[in-house]
Amino acid sequence: MSESIGHLGVRDGARVQTLQVVVREETPFLPKVAFVLISLASLGGAVFTGLGLGVAPAGLGLRWLTLWSLALAGGFLLWRLVYLRSTEPGVDQSRLEALNHTALARADRVARMVAVLVLAGAAGAFVVPHLDGAPLQRGLLVAGSVLLAGLLALGVQRRTVAAAALTVVALLLLGWAITDAGTGWPLFVRLLHLSAFTLWLGGALWNIAVAMPAGRQHANVPAVLAGAKQLDRFRWVVRFALPAIIVTGLVMAGAFRALPLDWWTSFPGVLIPLKVLAIVALVVVFITCPLFRHCSPVQGVCNVDDLDRSERTEP
């Protein structure tokens, strides 16, 4: 896809300016389905690992909220810092700046909502029993979440603030990986699992809550090209993140392979195959989404070649 974007944006720059963009009234539902699926998969995984850590049933939801909100923040910030660009080859600069201005203004509002979730999840460290003997580690995890919430509340328009917030997310993911897995190779596997989950979930949030609405407001060819480039960068990351989630999940589940079959069909063992099924469904959605042009309500963002088949109803 990236090749076709560059081909259309540079060689045929004059021609594409005459094309018109169709904006569908309905919002694509497959990205929302994918977001729900990975959230449910993460809930199942968090409940399973939380029980293994001795977390009381009443605290399982809070611990999941902690990890889920960190993932929302991390992938969201990565899109702002890496996928969104101030310049794009072959894209009219004024149209790109207008799109980015709208996107960043909306991203600020979404970031503040994520800040509330992160702050609510800051107490997640208090429900992990073995942190009772590690007050410094617990304090750092709580303080990190509070700091992250504060940075998100400032908004993400300033790159320095967004970069600082992303650094805090990275440190928090490392801290939670250590909390969950200790040291050695289990730490590496757990950190890779949490990082891959973060890359997908937070990026999906930006696409649904920021990219799609901003694209609706800027239904012009340069904005479509810029949006397609951003989405393509995210897709490349997901191509690595999804396999990483699956492989690391299977590696962590391998520790239980010697248990009898009935353990896998009863709680909490059944959470593992259920999570695998959710991830498989997620892979199907990821493959299906571009095929049915469900990545965006704006024609051409999923595949810029669709601009040539546009019904030419919107300049």
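Okay, let's start with the rings: F76, W79, Y83, W200, W206 and F234 are linked by ring pairs into a cluster. Before I go on, one caveat: this is a predicted model, so please hear everything that follows as computed from that prediction.

Across the whole structure, the search turns up ten aromatic pairs. Let me take two of them that share W206. In the pair of F76 and W206, the ring centres are 4.8 Å apart and the planes sit at 50 degrees, so we call this one tilted. F76 belongs to helix 4 and W206 to helix 8, so this pair ties together parts of the chain that are 130 residues apart in sequence. Then there's W79 with W206, and that pair is stacked, with 6.2 Å from centre to centre and 10 degrees between the planes. Again we're going from helix 4, where W79 is, to helix 8, where W206 is, and here the separation is 127 residues.

So, are these rings buried or exposed? W79 and W206 are both buried, and for W206 the relative accessible area is 0%. F76 comes out at 1% relative accessibility, and buried means under 20%, so F76 counts as buried too.

Let me stay with F76 for a moment. If we skip its neighbours within four places in sequence, F76 is in contact with A107, V110, A111, V156, G202, G203, L205, W206 and V210. It also shows up in the largest nonpolar core, which has 98 residues. Which members of that core touch the most other members? They are F76, L148 and L152. Helices 3, 4, 5, 6, 7, 8, 9 and 11 each give two or more residues to this core, and helix 4 gives the most, with 15.

Right, on to the empty space. The largest pocket has a volume of about 760 Å³. It's lined by 36 residues, and the closest to its centre are F48, T49, R190, M252 and A253. Where does the lining come from? Helices 3, 4, 7, 8, 9 and 11 each supply at least two residues, with helix 3 giving the most, at nine. In terms of character, that lining divides into 26 nonpolar, seven polar and three charged residues.

The second largest pocket holds about 190 Å³ of space. Its lining is Q137, L140, L141, G144, L147, V168, L171, L172, G175 and I178. Helix 6, which is 135-153, and helix 7 each put in at least two of those residues. What about charge here? The lining has no charged residues, just seven nonpolar and three polar.

Last one, since we're on helix 6: have a look at R138, which is found in that helix. R138 has a relative accessible area of 12%, and the cut-off for buried is under 20%, so this arginine counts as buried. Leaving out residues up to four places away in sequence, R138 touches A125, F126, V128, L131 and D132.

To pull it together: we have a ring cluster that includes F76 and W206, a largest nonpolar core to which helix 4 gives the most residues, and a largest pocket to whose lining helix 3 gives the most. That's my part, thanks.

How values were computed: Residues are numbered from 1 along each chain as its sequence is written. This is a predicted model: local features need pLDDT of at least 70, side-chain atom pairs count only at pLDDT 80 or more; totals for chains, interfaces and linings use all residues. Side-chain values use heavy atoms; hydrogens and water are left out. On a 1 Å grid over the protein atoms alone, a cavity is a set of points where a 1.4 Å probe fits but cannot get out, and a pocket is an open set with protein on both sides within 12 Å along at least five of seven lines; lining residues have an atom within 4 Å of a point. Grid points are joined across faces, edges and corners, and a volume is the space filled by probe spheres set on the points. Helices (H or I, at least four residues) and strands (E, at least two) are DSSP runs, numbered from the N terminus. Ala, Val, Leu, Ile, Met, Phe, Trp, Tyr, Cys and Pro count as nonpolar, Asp, Glu, Lys and Arg as charged, and the others, Gly among them, as polar. A nonpolar core is a set of buried Ala, Val, Leu, Ile, Met, Phe, Trp, Tyr and Cys residues joined through side-chain atoms within 4.5 Å. Buried means under 20% relative accessible area, exposed over 50%, partly exposed in between (1.4 Å probe, protein chains only). Contact means heavy atoms within 4.5 Å. Rings of Phe, Tyr and Trp (its six-membered ring) pair if their centres lie within 6.5 Å; planes under 30 degrees apart count as stacked, over 60 as edge-to-face and the rest as tilted.
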